[in-house]
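Reader: I have not looked at this structure before. Could we go through it by question and answer?

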Amino acid sequence: MSKIQPEDRYQQQLFSSLDDQVDKDSIVRVIDLIVDKIYQGGEKTEEENRSEVGRPEYPRSSLLKLYVYGYMNRVKSSRKLERECKVNLEVLWLMGKMQPDHWTISFFRKENQAEIKHAVKQLGRFLRESGYLEGKTVVIDGTKLKANASVYGNMHKYEIEERIEELEKKIVHYLETMEKEDEQTEQIEELKKEKEELEKQIEKLKSENKKVYIKTDPEANIMNRQPSYNVQVSFDKKNKLIVATDVSDRANDFKQLVSMYQTSKEMLGDKPEEIIADKGYYCPEDIQELEEKEKVQTYISEMPERTKGEFTYNREKDEYICTQGKRLKFDGQRKDSRGRYRRFYKTTECKGCPIKNQCTTSKDGRLKIRYVNQDFRDAYRKKMQQEESKQKMILRRTVAEHPFATMKLWLGKIPLLLRGKEKVKTEINLVSFSYNLLRIFNIDGYERLSNKIENCNWKLA
C-alpha cells in the first residue's frame, strides 16, 4: 500500500513568501487587521519627547496581536509566547518575524492596562455598530478564578493579632533584660517595624471585610478554600458575546448587580431592556432600583423566604395578626448591617398560647420583621413564580455557561498569571477581547468579517 511522502526539506523554492504560507482565511489575518485599525491613529507613548538613545521599542500593537493569538490558542505564558515567535508560522507572519523576549512580552501585559482597556472598548463599539451586539437582553454572572497566590503561609486575622501580642511581649522583655545598647536598639527596631506592618494589615482586613491576609497577593480573598478573585461578566443574548467584565474580591455576588449593569450600559451605549442573573445577585433593593428608576425588567431567582408561623398584615392599622388572633404592634424601625431598613412588630401576648413553642422561643414574645420595601418584595416574588420568569432563568444558563466554559478552558489549571486586582482586570480584558473576536470570526468567517472591519469608521473613537 502506497504512503504519502513528505517533501524534501532541503528543496529550495522560488517566489514563495511568508504570506503565501499562511492561509488566506486564517484568523491571524483578522487579528492583524482589527488591531491595526484600533491603532490606526498611531502609537503615542506617554513620553513623546523622550530621547531616542537606546534600543527602539517593539510596537505595542504587535504585542497586543501576540497576546490575542496566544489566548485564543491557550498559550498565555510570556515564555511560551516567546517560543511561538520563533517556531509558529502564523505567529512569525503576525509579528513580521519580530522575536521579543519574554520580559518584553510580560511587561506589555502588566504595564499597559489603560491601552488594553481602550482596545476592548474599541472592539465593543465595533460589535455594536456591526450588529453583533443586540443590547436588549443582558445576562450577568460570576465565576471564581484561583489567584496567582500560594495557599500556604497566609495568616488569619486572629493569628496576626496573636503575633502582635507576642511582639509586644518581646519588646518589653528586651527593654528589661538586655544590656548591650546597640544590639538592644537594633532588635527592638526590627520588632517594632514588624508590629507596625501587622497592625496595618489588621486595619486593612477590617476595612475590606476580610479574615485572611494573603501574603503573595494581598488583594485576593479566600474563596472555595483558596486565594481567588470573583470575575464578573455580562453577556449579550444574541450571539453570547461578552459585554463587560469586572473583578471583585468579594466571595459572593451580592451587591454586584447595579455596578455590572452600569458597566454594561456604558459599553452598550444604551440601557438594555432586561437583565437576567442567578440568585447570588438577589438583593431586592438593587432590583427595585433597576426596575423603578432605570425602567429595566430584571429577572433574578429569589432567595427562599425565612418564615415561621402564619401572620396577616393589617395595612390600615400597621400591625400583624397571628393565627391565634394576637396582635403584633409596630415597635420601631432600624437599619441592619447591610443597610436595609426594617420595621419591627412585637407582641407580649404569647404567654399561655397553645402553639407558642412552634412559633417562638423568646421569653419576651414573638417579634415579626417587615422590610420598608416589603410590598415590592412580595410583588417581585409573584413575578418570579410566573412561567415567563422561569423560562428566563433557563435562558440564563444557555447564554452564560458556554462563554465561561470556553474562558476556563483557555486559562487552564493556573488561570491567572498577574497579581493585584487591576492587573487581573487587564488579564480578563485580554481574554474577553480574544473570546469576542474568535466568536464573531466563527459566526461570519474571514471574508464577511474583514469587510465589516474595513467599512467601520474607527476614527470616531
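Author: Two strands count as paired if DSSP finds at least two bridges between them. The model discussed here is predicted.

Reader: What is the bridge partner of arginine 334 in β12?

Author: Strand β11 covers residues 327-335 and strand β12 covers residues 341-346. The two run antiparallel and are joined by 5 bridges. The partner in β12 of arginine 334 is arginine 342.

Reader: Which strands stand at the edges of the open sheet?

Author: The open sheet has 5 strands with antiparallel pairing, in the order β9-β10-β11-β12-β13. Two of them have a single partner strand each, so one side of each is left without a neighbour in the sheet. These edge strands are β9 (311-314) and β13 (367-371).

Reader: And what does the twist average from one strand to the next?

Author: In the open sheet of 5 strands, the twist from one strand to the next averages 35°.

Reader: How many disulfides does the structure hold?

Author: A disulfide needs two cysteine sulfur atoms within 2.5 Å. For cysteine 322, the closest cysteine sulfur is in cysteine 353, at 6.0 Å, which is too far for a bond. The number of disulfides in the structure is 0.

Reader: Is cysteine 322 buried or exposed?

Author: Buried means under 20% relative accessible area. The value for cysteine 322 is 17%, so cysteine 322 is buried.

Reader: Which residue meets glutamate 285 in a salt bridge?

Author: Glutamate 285 lies in helix α10 (residues 284-293), and its partner lies in helix α12 (residues 374-384), 92 residues apart, so the pair links distant parts of the chain. Glutamate 285 is partly exposed at 23% relative accessible area, whereas the partner is buried at 9%. The closest contact, N to O, is 3.2 Å, and the partner is arginine 377.

Reader: Over which ring does the charged end of arginine 377 sit?

Author: Besides its salt bridge with glutamate 285, arginine 377 has its charged end 3.6 Å from the centre of a ring. That ring belongs to tyrosine 371.

Reader: With which residue does aspartate 375 form a salt bridge?

Author: Aspartate 375 is partly exposed, at 39% relative accessibility. Its partner counts as buried, at 8%. The closest N and O atoms are 3.0 Å apart, and the partner is arginine 370.

Reader: How far apart are the closest N and O atoms of lysine 452 and aspartate 444?

Author: Lysine 452 is partly exposed, with a relative accessible area of 24%, and aspartate 444 is buried, at 14%. The two form a salt bridge, with the closest N and O atoms at 2.9 Å.

Reader: Are the rings of phenylalanine 376 and tyrosine 380 stacked or tilted?

Author: Both residues lie in helix α12, 4 residues apart, about one turn of the helix, and both are buried. Planes under 30 degrees apart count as stacked. Here the ring centres are 6.0 Å apart and the planes are at 20°, so the pair is stacked.

Reader: What about the rings of phenylalanine 126 and tyrosine 132: stacked or tilted?

Author: Phenylalanine 126 and tyrosine 132 are both buried. Their ring centres are 6.1 Å apart and their planes are at 45°, so this pair is tilted.

Reader: Which residue lies over the face of tyrosine 299?

Author: A charge counts as over a ring only within 6 Å of the ring centre. Here the distance from the ring centre is 4.5 Å, and the residue is lysine 383.

Note on methods
Residues numbered from 1 in each chain as written. Predicted model: local features only at pLDDT ≥ 70, side-chain atom pairs only at ≥ 80, totals over all residues. Heavy atoms only, no water. Axes fitted to C-alpha atoms, helices over the stretch in contact; angles between N-to-C directions. Buried < 20%, exposed > 50% of the residue type's maximum accessible area, 1.4 Å probe, protein only. Salt bridge = Lys/Arg side-chain N within 4 Å of Asp/Glu carboxyl O. Phe/Tyr/Trp six-rings, centres within 6.5 Å; stacked < 30°, edge-to-face > 60°. Lys NZ or Arg CZ within 6 Å of the ring centre and 35° of its normal.
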